[in-house]
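Reader: Could you take a close look at how the aromatic side chains are arranged, and then set that part in the wider context of the fold? I would like one connected account, with each term explained where it comes up.

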Amino acid sequence: MHITSLVTGALSVNTLLIPADAGRLVIVDPGGNAESIIAQVRAMNASPALIVVTHGHFDHMAALAAVCAEYPGAGIAIHNADAQWLGPGAINKHLEFFRFLGAESVVLRNPEELPTPTCFLCEGESPVFPDGTRWEGWTVVCTPGHSPGSVCLFNEKERILVSGDTLFRHGYGRTDGPGGSMEDLSASLGKLSRLAGAVRVIPGHGGETTIAAELC
């Protein structure tokens, strides 16, 4: 499976364009540079049917409003525990969060109001497209710690894990922000360690790795 990765936004997020069935496309973590994301989608002659946000931090959704404006039929999926970061008034919560981290400028680059989610990501289930069909082959792995609603996406057949900010090459997501928990993250990493070592890991920032390289 070919997954297109674009490095986007102020914090260099890996925005992923993943093919689904019938020419549909799933966008994961539109972290900024909306014009680049849209241009790549056009070059692929694909139709975005779903936008998945692996967790609620703004650097992973800075281009969400612009991408949704371009593709209004696309669904938006996030875990319910991080749903507060989408919808009316959420942009003010992001400003407070990134002000706490000393990085308010990340939000001020794209201060638009954010759309509301159309569906929620649930453990062991495949994300749902707006027409009610499911994204076959991919399942949700709930991995709280970096945030309460952090998730990974796993394709067992292709041996691919989209890990968001739960697991990086030579590291893992920080837990010192509001809602973070090192205890929860440790449990989540233990959960991922039970996957096959050959599983390819595509993180939310930085280069790819494998489960064996990080957790075995």
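Author: There are three aromatic pairs in this predicted model, where rings of Phe, Tyr and Trp (its six-membered ring) count as a pair if their centres lie within 6.5 Å, and where planes under 30 degrees apart are called stacked, over 60 edge-to-face, and the rest tilted. The ring centres of Trp 135 and Trp 138 are 5.0 Å apart and their planes stand at 20°, so these two rings are a stacked pair. Both Trp 135 and Trp 138 are also buried, a word used here for a relative accessible area under 20%, with exposed meaning over 50% and partly exposed the range in between (1.4 Å probe, protein chains only). A single aromatic cluster is made up of Trp 85, Phe 97 and Phe 98.

Some conventions apply throughout: residues are numbered from 1 along each chain as its sequence is written, and side-chain values rest on heavy atoms, with hydrogens and water left out. Because this is a predicted model, local features need pLDDT of at least 70 and side-chain atom pairs count only at pLDDT 80 or more, whereas totals for chains, interfaces and linings use all residues.

A further aromatic residue, Phe 168, belongs to strand β10 (residues 167-168); helices (H or I, at least four residues) and strands (E, at least two) are DSSP runs, numbered from the N terminus. Phe 168 has 17% relative accessibility and is therefore counted as buried. Apart from residues up to four places away in sequence, Phe 168 touches Gly 173, Pro 203, Gly 204, His 205, Thr 209 and Glu 214, a contact being heavy atoms within 4.5 Å. Between the C-alpha atoms of Phe 168 and Asp 82, which are 86 residues apart along the chain, the separation is 20 Å.

Thr 209 is also one of the contacts of Val 199, a residue in the loop between α5 (182-192) and β12 (200-203). With a relative accessibility of 1%, Val 199 is buried, and outside its neighbours within four places in sequence Val 199 is in contact with Phe 154, Arg 159, Ile 160, Leu 161, Thr 209, Thr 210 and Ile 211. The C-alpha atom of Val 199 is separated by 5.5 Å from that of Thr 210, eleven residues apart along the chain.

Arg 159, another of those partners, is placed in the loop between β8 (151-155) and β9 (160-164), where its phi is positive, at about 55°, although Arg 159 is not a glycine. Its relative accessible area of 44% makes Arg 159 partly exposed. A positive phi, near 55°, is found in Ala 22 as well, again a residue other than glycine; Ala 22 sits in the loop between β2 (13-19) and β3 (24-28) and is exposed, with a relative accessible area of 79%.

In strand β1 (residues 4-8) lies Leu 6, which is buried at a relative accessible area of 17%. Once neighbours within four places in sequence are set aside, the contacts of Leu 6 are Val 13, Asn 14, Thr 15, Leu 17, Ser 36, Ile 37 and Gln 40, while its C-alpha atom and that of Pro 30, 24 residues apart along the chain, are separated by 9.2 Å. Ala 69, by contrast, is in helix α2 (residues 64-70) and counts as exposed at 61% relative accessibility; the C-alpha atoms of Ala 69 and Pro 115, 46 residues apart along the chain, are separated by 9.6 Å.

As for the wider context, the secondary structure amounts to six helices and 13 strands. The radius of gyration is 16 Å, close to the 17 Å that the globule rule gives for 216 residues, so the protein is as compact as a globular protein of that length; this radius is taken over C-alpha atoms, and the rule is 2.2 Å times the number of residues to the power 0.38. The C-alpha atoms fill a box of roughly 45 × 40 × 30 Å along the principal axes, and 51% of the 216 residues count as buried. Among contacts with a separation of 6 or more, 59% join residues 24 or more positions apart.
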